[in-house]
Amino acid sequence: MRELMNVDLAGDPAADWFAKDEIVAVVFARTDGELASREGPNRYSAGDALITGSTGDRWSVSRARFEARYLPVAPLRAGEDGGYRSRPIPVRAKQMAASFAVARSAGGDLLHGAARDWLLQYAPGDFGIVEEARFRKVYRPLPTA
């Protein structure tokens with residue numbers, strides 16, 4: 001398995017723009033902890049969002065990042081446990097031919113992907129991995145300029 005270092009999908013011709021369209025179930029963490037996602041450990045702090053996606057996958061998102069990326073589904077109010085819809089934020093993504101690993105962020109949790117999984121880059125130094133079947137279900141290609 002190859003560990004990816006200094007990755008930047010912005011200049012990669014095999015990477016394209018996508019946006020997620022999904023309603024997820026959210027519980028806000030009451031204490032610090034760690035959950036095991038398919039791709040690896042996700043450490044979180046009290047107040048962070050613990051998410052279960054429409055495909056049953058689980059992951060954590062820091063509170064500040066969550067609020068920028070998800071909207072409560074009415075009648076829910078922001079900050080309450082319940083259903084949230086992803087905002088259609090563009091993300092660079094590339095399907096990987098072989099198994100790989102990448103840190104979520106500098107010094108962050110090490111995530112592992114299998115061949116045909118997708119590497120996502122949300123911003124410089126900010127990564128995620130999504131399994132092929134899940135990616136096809138919840139991500140939509142964005143038109144190129």
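Which residue forms a salt bridge with Asp 21, and how far apart are the closest N and O atoms? The legends below, which describe a predicted model, come to this pair in the first close-up and then turn to other parts of the protein.

**Figure 1. A salt bridge between Asp 21 and Arg 85.** The partner of Asp 21 is Arg 85, and the closest N and O atoms of the two residues are 2.6 Å apart. This pair links distant parts of the chain, since Asp 21 sits in the loop between strand E2 (16–20) and E3, while Arg 85 belongs to strand E9 (residues 82–86), 64 residues apart. Asp 21 is partly exposed, with a relative accessible area of 41%, and Arg 85 is likewise partly exposed, with a value of 37%. Side chains of opposite charge can pair when their charged atoms come close.

**Figure 2. A salt bridge between Arg 30 and Asp 81.** In this view the closest N and O atoms of Arg 30 and Asp 81 are 2.9 Å apart. Here too the pair links distant parts of the chain, with Arg 30 in the loop between E3 and strand E4 (33–37) and Asp 81 in the loop between strand E8 (70–72) and E9, 51 residues apart. Is Arg 30 buried or exposed? Arg 30 counts as exposed because its relative accessible area of 61% lies over the 50% cut-off, whereas Asp 81 is partly exposed at 32%.

**Figure 3. A salt bridge between strand E14 and helix H1.** Asp 126 forms a salt bridge with Arg 65, and the closest N and O atoms are 2.8 Å apart. Asp 126 lies in strand E14 (residues 126–130) and Arg 65 in helix H1 (residues 63–69), so that the pair links distant parts of the chain, 61 residues apart. Asp 126 counts as buried because its relative accessibility of 16% is under the 20% cut-off, while Arg 65, at 26%, counts as partly exposed. Elsewhere, Arg 38, Glu 39 and Asp 117 are joined into one network by salt bridges that share partners, and the structure holds twelve salt bridges.

**Figure 4. The largest nonpolar core.** Eleven residues make up this core, namely Val 24, Val 26, Phe 28, Ala 49, Ile 51, Trp 59, Val 61, Phe 66, Tyr 70, Leu 76 and Tyr 84. The elements that contribute two or more residues to the core are strand E3 (23–28), strand E6 (49–52) and strand E7 (58–61), and the largest share, three residues, comes from E3. Apart from this core lies another one, of ten residues, including Leu 9, Met 96, Phe 127 and Ile 129.

**Figure 5. The contacts of Phe 28, a member of the largest nonpolar core.** When neighbours within four places in sequence are left aside, Phe 28 is in contact with Gly 47, Asp 48, Ala 49, Arg 63, Phe 66, Gly 79, Glu 80, Asp 81 and Tyr 84. Among these contacts, Ala 49, Phe 66 and Tyr 84 also appear in the largest nonpolar core.

**Figure 6. Thr 52 in strand E6.** Thr 52 is partly exposed, with a relative accessible area of 28%. Not counting residues up to four places away in sequence, Thr 52 touches Val 24, Ala 25, Asp 57 and Arg 58. Thr 52 and Val 27 are 25 residues apart in sequence, and their C-alpha atoms are 8.7 Å apart in space.

**Figure 7. An open sheet of three strands.** The strands stand in the order E1-E11-E12, with mixed pairing. Strand E1 (2–3) and strand E12 (110–113) are at the edges, and each has a single partner strand, so one side of each is left without a neighbour in the sheet. E1 pairs with strand E11 (residues 100–103) in the parallel sense over two bridges, and Arg 2 stands opposite Phe 100 in E11.

**Figure 8. The protein as the setting for these views.** The protein contains two helices and 15 strands, and 41% of its 145 residues count as buried. A compact globule with 145 residues would have a radius of gyration near 15 Å, and the protein, with 15 Å, agrees with this. Among contacts between residues at least 6 apart in sequence, 51% join residues at least 24 apart.

Conventions: Residues are numbered from 1 along each chain as its sequence is written. This is a predicted model: local features need pLDDT of at least 70, side-chain atom pairs count only at pLDDT 80 or more; totals for chains, interfaces and linings use all residues. Side-chain values use heavy atoms; hydrogens and water are left out. A nonpolar core is a set of buried Ala, Val, Leu, Ile, Met, Phe, Trp, Tyr and Cys residues joined through side-chain atoms within 4.5 Å. Buried means under 20% relative accessible area, exposed over 50%, partly exposed in between (1.4 Å probe, protein chains only). Helices (H or I, at least four residues) and strands (E, at least two) are DSSP runs, numbered from the N terminus. Contact means heavy atoms within 4.5 Å. Two strands pair if DSSP finds at least two bridges between them. A salt bridge is a side-chain nitrogen of Lys or Arg within 4 Å of a carboxyl oxygen of Asp or Glu. The radius of gyration is taken over C-alpha atoms; the globule rule is 2.2 Å times the number of residues to the power 0.38.
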